[in-house]
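Q: Please take a close look at one strand and the strands that pair with it. A short account of the residues around the ligand would also help.

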Amino acid sequence: MELVRWYEHQQRDLPWRHTKDPYLIWLSEIILQQTRIRQGLPYYNRFIEAFPNVFALAQATEEQVLRLWQGLGYYSRARNLHACAHTISKDFQGEFPKTAKELLKLKGIGPYTAAAIASFAFDEKIAVVDGNVYRVLSRVFGIQNDISDTKSQKIFQDFANHLIHTTEPATFNQAIMDFGAIHCTPKSPACGICPMHGFCYAFNENKINELPLKSKKVKTKNRYFHYFLFRYQKQVLMQKRRGKDIWQGLYQFPLMESKDAESVEKVLKRAELPQGTLVNACSDLLKHILTHQHIFARFYRIEVKDLDTFVQLQKNWKAEKQTIEALHDLPKPILIQNFLKNNVY
Ligand code: SF4
């Protein structure tokens, strides 16, 4: 098979390829979802150093896990990873289930990750279907189903399962994913030196730019964040983010959000700062890009003159007192981490 032959010569040397340990495979798959390998690799190394097995991860606090995850985004992955480690260590005595069907029942493990663990660690004959696989299959075989439709995802999964039938599953899965990631790329596939161009539908029909078919585009939303850095002597106020939103469980400066961009004057008026506070400075509007949201943030430095006012603000903003030294160890959105890095506080 052309793909497997290609893989024998071109495969990427990645640490989790040299193991059958389901813990390491699971960790790498969760970290690398929606993340480039170059960005995810240092996180993978830090995680296995801090938590060499599933019991160590289960025993960590959520804050330790989120702190280590800081900067990777999609923080629900980290919370689910932690919850799943609890389940594996308590209910399964540290042993991962061996089939994709059983793995799918665990928190944070979807069809893709379940198939990856089952095939890489336990040699189950099940195809791993990610964005790279959709692209390769739709182009080579001319599959015209819309990949944003869940019915089509099943069609692709069945098709890939059928292909895997005659091949060693782990090798086939890694081969097709690597091929999509480094050879048959979205914008500039290397068709001229492709081992499959003789029979590739998209190449021969001149439809490379049309496949895979994807209709639904998620709209990007703009959000406007106003952070208040209340400082009293060597203490500041921090809020823990709760509720179903981005950055759940992470710490931030007290936040006020607005629907539109508001002037500094309007924001400060709405904030109703008490007497005993002094606005020392405010930052430019900083743009922070997430996959489906653009955050426009401004930071207001506010000096608090006396302890009573500080305690009142803490109550009003449902915040916690923290020392400036303790800020470093709190898990924070990278937007706040970068602000602290670039500004003397
Ligand atoms: S010929 Fe081009 S489009 Fe077809 S599989 Fe090869 S790289 Fe992809």
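A: Strand β1 (residues 221-232) pairs with strand β7 (residues 293-304) in the parallel sense, over 11 bridges. Helices (H or I, at least four residues) and strands (E, at least two) are DSSP runs, numbered from the N terminus, and two strands pair if DSSP finds at least two bridges between them. This is a predicted model, in which local features need pLDDT of at least 70, side-chain atom pairs count only at pLDDT 80 or more, and totals for chains, interfaces and linings use all residues. Residues are numbered from 1 along each chain as its sequence is written.

Leu 229 has Arg 301 in β7 as its bridge partner. β7 also runs antiparallel to strand β5 (residues 277-282), with five bridges joining them. Opposite Glu 303 in β7 stands Leu 278. Strand β6 (residues 286-289) is likewise antiparallel to β7, and four bridges join the two. Here His 288 stands opposite Ile 295 in β7. The connection from β6 to β7 is a hairpin through three residues.

As for the ligand, 14 residues surround it, and those that come nearest are Cys 184, Pro 189, Cys 191, Cys 194 and Cys 200. Two or more residues of this shell come from each of α9 (131-141) and α12 (201-204). A residue is near a molecule or strand if its C-beta atom, placed from the backbone, lies within 6 Å of it. By class, the shell holds 11 nonpolar, two polar and one charged residues. Ala, Val, Leu, Ile, Met, Phe, Trp, Tyr, Cys and Pro count as nonpolar, Asp, Glu, Lys and Arg as charged, and the others, Gly among them, as polar.
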